[in-house]
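Could you walk me through this model in the viewer, one selection at a time? I would like to know what to pick next and what I will find there.

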Protein chains: 2
Amino acid sequence: MKGIRRLAEHLSISIGTVSRALNGRPDVNEATRRRVLDAAAELGYVPNQAGRTLRQGTTNAVGFMMEAGADTSGNPDNFFFGVFDGVQAVLSRHQLDLVVLPCATDEDPTEYLRRMIARRLVDALIISATHRKDPRVELLNKAHVPFIALGRTGTPSDHPWIDLDFEGVANRAVDRLVAKGHRSIAVAVPSSDINLGVIFLQAYKEALARHGIAFDQSLVIYTSSSEQGGYQAAHELIGMAQRPTAILLVYELMAIGFYRGLRDAGLNPGQDVAVIAFRESPLSRFLSPALTCFRVSLRDVGIGLGESLLASMPAYADIYPQGIVRRVWPMELVEGDSDNARSS
Amino acid sequence: MKGIRRLAEHLSISIGTVSRALNGRPDVNEATRRRVLDAAAELGYVPNQAGRTLRQGTTNAVGFMMEAGADTSGNPDNFFFGVFDGVQAVLSRHQLDLVVLPCATDEDPTEYLRRMIARRLVDALIISATHRKDPRVELLNKAHVPFIALGRTGTPSDHPWIDLDFEGVANRAVDRLVAKGHRSIAVAVPSSDINLGVIFLQAYKEALARHGIAFDQSLVIYTSSSEQGGYQAAHELIGMAQRPTAILLVYELMAIGFYRGLRDAGLNPGQDVAVIAFRESPLSRFLSPALTCFRVSLRDVGIGLGESLLASMPAYADIYPQGIVRRVWPMELVEGDSDNARSS
DNA sequence: GACAGTTTCGTAAACGTTTACGACGCTATA
DNA sequence: TATAGCGTCGTAAACGTTTACGAAACTGTC
């Protein structure tokens, strides 16, 4: 005899009552409820999840899909782990667990997601590394799985999302550089079709326009979001006919490679070329020169994701009545020494 | 009508036959099997996991537990993602999925694991960030959940594990530094009770002894495994009465902070203080000077973990007959410019 | 043509829960 | 005292699978 039956037999009551007692139903005597709770603790009983799931169609878990091979891999793990922590802080309030679903590099993300949905391992999903055209959105909509995206797609009105405020970053970064006398500002964005790059580039263009600076396509460097990508960016920048005096890097890891690339050519980052990057990480202050960058509380982003996701789940919608959430998350400028004024 | 019943009705055969056809049982006509497979594809049928789990007691998923707050967080995510990729390569051969279970920073890892075991979300587990005394081992043994640890504990004979060859690293690093004329070699290890530090420190002592160098406790710097920790290590090293001419760093991220700390004091890493670190990452070659460090194929480690885990699962033991696996994984020296010969 | 053996398939039980439904005993009211 | 209402609990069905068991049809052998 196992499971709830054992518990019921041990207490000489029916399994129905045991179940109701454990689940906090009102129609059970407080005295018996206490007996059940005590016995459960004593016998170490925990309800079998498969049984519950089968009966109620709910798994009490939400998934976070990520792609190791995606162009977000430039992010130190602190990025995702920080977000996880915030998400869990919200989920744990409702006895929900977070499981991370890593899509293997050699598997198609959409197929992977399809399988995960079919598996019914989780009740709801968070997807990350959104692309401009992301078939996963349609997949999730069709399957009626509540979800939220960390990052916008090309059709942001089709789904709930939370994204970082890349527009704000581009604006403030350009403003700051222009104020310091820079007129020729390069930008390094990921060469993949990850949406972040597109959004940032657009905002960069508009920021330039505000200052009456003509957009120059040749100042856009498409590269990988890694140290290697930063190194390559430096190489390209140095090779330009008119060398830009400043550059924006979308990933802080690129700064390491960029610094190195500059130095290998006898140039000094921060002096010969001003650098602004995001996101802030422990890295930023320990590079020399310290990196001017933008900070965001990943835990807060995670909390936002968690609450917004619950809001889109029928069972929790009344507790989180914010409806469909689509918002950008502000980032805060962190001044470093990498973007000093133009020397000449 | 839903699920397998719908499929059976659509084909006018029994659900038993449908199930057998889908699961590759031999006692089903090849023609009907084909019909079933086709219909399943057409109707988009995938078996409900809760139903299967309930019936066969198996979830077809294995878990990877990690702690965001643990002292391994110094690792760039490439570390774990690389490992995941290898694990998945093995698991996918058997239709098994990998789910990552991130323990929140404010939750006790052992309690978290207990909950995850009770939940029966997965058939087997990989645990990481092992401590000297790690109650999770006993927990898993008692629950009879097949598992393997990435990292040794203080009682390594109690469980299967795979770990990096820290002894080999310590040996070769010390040999190399000694060969270049260094006699005063500091070491920075994590201040937490994560087992890695203990193992490495022990191997470092023995390597020194082989060269007839007395172990000096004051040359051991306990710090956090992060850029900040590296910076602090530099600070401590500079403050020593007799400044060591070399240092071993257990995490490559520490090198960034260490370099900075040295430079803030007017010293040059690689010249004034030789540095060797592990693990190699993209970071290593783009730092200046390039970091001498040790490389390991994370994917291979993941493959090793996956195969060894399957070997300890009754259902797969005949396919992977290697028994209980306890082994260290070799690491390969990558020469950089951070550990040049002693100048004086 | 009887019989054994094989192939193929249907039937129904089982996995561990939750929950709708109804039964029972008790209290309070008329 | 009859009745209604309430609190408490037991019964049994249902969730979607897999699989043991047995039945039916077919094959081949003597």
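Start with DNA strand D in this predicted model, and select its atoms within 4 Å of the protein: 61% of them belong to sugar or phosphate, and the rest to bases.

Next, turn to the protein side. Show the 30 residues that surround DNA strand D; the closest are A:S14, A:T17, B:I4, B:S19 and B:R55. Colour this surface by residue class and you will find nine nonpolar, 12 polar and nine charged residues.

Now for some individual contacts. Which atom of DNA strand D faces the side chain of A:R20? Zoom in on that arginine: an N or O atom of its side chain sits 2.9 Å from a base nitrogen of the strand. The next two stops are on the backbone. At A:T32, a polar side-chain atom is 3.1 Å from a phosphate oxygen of DNA strand D. Then hop to chain B and pick B:S19, where a side-chain N or O atom lies 2.5 Å from a phosphate oxygen of DNA strand D.

Pull back to see the elements that give two or more residues to this surface: in chain A they are α2 (15–22) and α4 (49–56), and in chain B α1 (3–11), α2 (15–22) and α4 (49–56). Pause on α4(B), which supplies the largest share, five residues.

For the last stop, select residues 2–56 of chain A, which an unreviewed UniProt entry annotates as "domain: HTH lacI-type". This span is 71% helix and 0% strand, and its end C-alpha atoms are 20 Å apart.

Notes:
Residues are numbered from 1 along each chain as its sequence is written. Chains are lettered from A and ligands numbered from 1 in the order in which they are written. This is a predicted model: local features need pLDDT of at least 70, side-chain atom pairs count only at pLDDT 80 or more; totals for chains, interfaces and linings use all residues. Side-chain values use heavy atoms; hydrogens and water are left out. A residue is near a molecule or strand if one of its heavy atoms lies within 4 Å of it. A polar contact is a pair of N or O atoms within 3.5 Å; within protein, one must be able to donate a hydrogen and the other to accept it, and residues adjacent in sequence count only if both atoms are side-chain atoms. Helices (H or I, at least four residues) and strands (E, at least two) are DSSP runs, numbered from the N terminus. Ala, Val, Leu, Ile, Met, Phe, Trp, Tyr, Cys and Pro count as nonpolar, Asp, Glu, Lys and Arg as charged, and the others, Gly among them, as polar. UniProt positions are given in the numbering used here, feature names are shortened, and annotations may be inferred rather than shown by experiment.
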